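I opened the model today with a short list of things to look up. Here are my notes, in the order I took them.

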Amino acid sequence: MEHIENDKQYNGLTVNSGVAQPPVVNPYLKKRRKTPLPTSGELVEGIIKGDITTLSRAVTLVESLSPAHQALAQEVIEKCLPHSGRSRRIGITGVPGAGKSTSIDVFGLHVLKSGGKLAVLAIDPSSERTKGSILGDKTRMEKLSIHPDAFIRPSPSAGSLGGVARKTRETIVLCEAAGFDNIFVETVGVGQSETAVHSMVDFFLLIQLAGTGDELQGIKRGIMEMADGIVINKADGDNIARAQLAQTQFRSALHLFPTPASGWSPEVLTYSGYFELGIPEVWDMIDRYFAFVMKNGYFEQKRAQQARYWMYETIDEQLRNHFYHNPEIEKMLADKEMRVLANLQSSFTAARDVLDTYFDKQ
């Protein structure tokens, strides 16, 4: 690069060319060969054998947005379906800070004492601004994360809870085919996540706290009606009396709700996840629930309802994707949006025009 300071008129002043800039790409970096995708048969064979690496790879394909990956994942799921359905699916929810991850750690260890395998599927909240996710559940499940019979898989919600919920349900099928007979699904604890998780589990556990203010604030009709069991965490030390008071309040509130379709009356218990107090009692409650619904036939009835629900949810999702990824519709939506914002057309007639165009092309 020429510098004007090197001109003869600027006698005695020179500017050196400087140090050559290093290349942007590391010259010693070898190009990695792209590993070819395994066949569906290879993946299914590894999953049924209980190979964790193969299971993890199949789950990654399920979560992928690539059409090729999605097609392969669906093929694997179809082949794994005959080997699934033989697990206890337990949803665990609660407000942030209620101690869900710590509780799952101790609940999981308690379950594994009796043998079997445990998979923990944790829906991790993503940033609405950056779409990033910490995926730090394994750091909060210190003992469970190193247990040989446990599989922990956090999934970022990435702003699309419906999508991640469907993928979580598909992951349950893969985990069951791999021999995991207990599945925990942890929710983000906010918004509609409880409804989505409730539609894929057999038992829905609500974790509450005491001593944080007005305990009745935690009594929300929607979430209370979904819960099959309510447990109050951090019932230790000076907080025991407050936990027992909250237990009484929740029990009283449950009497105001109609009897659930299962016929089971939800129980309210106290425990301490940190000090591992009352854990066997919580699990005894869950055992009693499964014995109850197995006997009256509700277990199979609920599984059938859930399968039907997810069929229609998948249809809705596919229709939305097909609509919004149509090139002509994308262009028309941008034009209609400008007209609506300029008050040249109402929102309703703009929407009708777009839908009419879409259906006329089908």
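I started at G50, which sits just after helix 1 and takes a positive phi of about 85 degrees. My helices (H or I, at least four residues) and strands (E, at least two) are DSSP runs, numbered from the N terminus. This is a predicted model, so I kept local features to pLDDT of at least 70 and side-chain atom pairs to pLDDT 80 or more, while totals for chains, interfaces and linings use all residues. Residues are numbered from 1 along each chain as its sequence is written, and side-chain values use heavy atoms, with hydrogens and water left out.

**Helix 1.** I looked up which residues of helix 1 (residues 40-48) are buried (under 20% relative accessible area; exposed is over 50%, partly exposed in between, with a 1.4 Å probe and protein chains only) and found S40, L43, V44, G46 and I47. They cover an arc of only 165 degrees around the axis, taken from the directions from the helix axis to the C-beta atoms, so they lie on the same side of helix 1.

**Other positive phi values.** Most residues other than glycine have a negative phi, and I noted two exceptions here. K234, not a glycine, has a positive phi of about 65 degrees. I found K234 in the loop between strand 6 (229-233) and helix 9, partly exposed at 37% relative accessibility. E276 has a positive phi near 55 degrees. E276 belongs to the loop between strand 7 and helix 10 (279-296) and is partly exposed too, with a relative accessible area of 41%.

**Helix 9.** I checked the length of helix 9 (residues 240-254): at 1.5 Å times one less than its number of residues, its 15 residues should span 21 Å, and the end C-alpha atoms are 21 Å apart, which agrees. Its buried residues are A243, A246, Q247, F250, A253 and L254. Down the axis of helix 9 they fall within an arc of 130 degrees, so they line one face of the helix.

**S87.** Is S87 buried or exposed? At 5% relative accessibility, S87 counts as buried. Its place is in the loop between helix 3 (67-80) and strand 1 (88-94). The side chains of S87 and E176 are joined by a polar contact of 2.5 Å (N or O atoms within 3.5 Å, one able to donate a hydrogen and the other to accept it; residues adjacent in sequence count only if both atoms are side-chain atoms). Leaving aside residues up to four places away in sequence, S87 has contacts (heavy atoms within 4.5 Å) with residues including F180, D202, F299 and R303.

**Empty space.** I searched a 1 Å grid over the protein atoms alone: a cavity is a set of points where a 1.4 Å probe fits but cannot get out, a pocket is an open set with protein on both sides within 12 Å along at least five of seven lines, and lining residues have an atom within 4 Å of a point. Points are joined across faces, edges and corners, and a volume is the space filled by probe spheres set on them. I counted two cavities of 30 Å³ or more. The largest cavity holds about 50 Å³, and strand 2 gives the most to its lining, with three residues.

The second largest pocket holds about 600 Å³. Of its 27 lining residues, E225, M226, A227, D228 and P260 are the closest to its centre. Helix 11 gives the most to the lining of this second largest pocket, with five residues.
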